[in-house]
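Q: Please take a close look at the disulfide in this structure. What does the bond join, and what are its surroundings like?

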Amino acid sequence: MIIGNAARAWTALAAAFLLAGCAADAAPAGSGQVPPALAGTWSASSAKVDTTGVTAYLPDDPALLALRLHVTGDSLAMDGHTCTSPQIITETLPLRTLIEETYDASPDAMGVDSPDAPHPTHFITCGSGDIGPSYDRGSWISRISPDLIAMNWFDGVLLFLTR
């Protein structure tokens with residue numbers, strides 16, 4: 001009986017030790033996950049367009065204003081594009097920097113107000129799928145306020161979405 005109890009205790013101890021080792025090597029909780037502040041459904045409220053070249057859309061095009069972004073803890077989806085297992089890196093940047101590095105236009109040319117205020121910006125790379133064009137560091141979403149985000153989209157479009 002004593003040997004049986006010792007064997008069960010040793011097995012439990014070994015399992016706990018292995019799990020602790022795995023947890024030590026794992027990424028910190030929440031690392032690379034979709035920030036909870038982005039979770040929910042977002043509706044396009046404005047669409048700015050880079051009009052320096054050929055464009056498929058006009059500013060505030062009804063087709064763009066009909067877009068809805070659905071965000072959960074492990075996916076982002078909009079207009080037939082789905083990003084699963086996203087990895088996210090967050091930096092604080094002004095919209096001016098994002099616009100000038102993403103588009104061939106200035107914030108003024110795109111009609112963006114107050115582009116110099118810094119905002120938390122989430123650079124998104126997808127384990128599978130996509131959620132917009134790939135910027136150097138992935139697609140991006142900038143949190144302007146708790147209920148307003150800006151997001152790069154296809155065809156030289158900058159979307160502003162509200163919750």
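A: A disulfide, meaning a pair of cysteine sulfur atoms within 2.5 Å, joins Cys83 to Cys126, with an S to S distance of 2.1 Å. Cys83 belongs to strand 4 (residues 81-84), whereas Cys126 sits in the loop between strand 6 and strand 7 (128-129), so the bond ties together parts that are 43 residues apart in sequence. The torsion about the S-S bond of Cys83 and Cys126 is about -115°, which means that the disulfide is left-handed. By the distance rule, the count comes to 1 disulfide.

The model is predicted: local features need pLDDT of at least 70, side-chain atom pairs count only at pLDDT 80 or more, and totals for chains, interfaces and linings use all residues. Residues are numbered from 1 along each chain as its sequence is written, and side-chain values use heavy atoms, with hydrogens and water left out.

The two cysteines can be described by relative accessible area, where buried means under 20%, exposed over 50% and partly exposed in between (1.4 Å probe, protein chains only). Cys83 is buried at 0%, while Cys126 is partly exposed at 26%.

Strand 6 (118-125) also holds Thr121, which is buried because its relative accessibility is 0%. The side chain of Thr121 makes a polar contact of 3.2 Å with that of Ser142; such a contact is a pair of N or O atoms within 3.5 Å, where within protein one must be able to donate a hydrogen and the other to accept it, and residues adjacent in sequence count only if both atoms are side-chain atoms. Leaving aside residues up to four places away in sequence, Thr121 touches (heavy atoms within 4.5 Å) Ile89, Thr90, Glu91, Leu93, Leu98, Trp140, Ile141 and Ser142.

Leu98 leads to helix 3 (residues 95-102), where Leu95, Leu98 and Ile99 are buried. These residues cover an arc of only 95° around the axis, so they lie on the same side of helix 3; the arc is that of the directions from the helix axis to the C-beta atoms. Strand 6 is among the elements that cover the buried residues of helix 3, and others include strand 5 (87-94) and strand 8 (139-145).

As for the whole protein, there are 4 helices and 10 strands, taken as DSSP runs numbered from the N terminus (helices H or I, at least four residues; strands E, at least two). Of its 163 residues, 34% count as buried.
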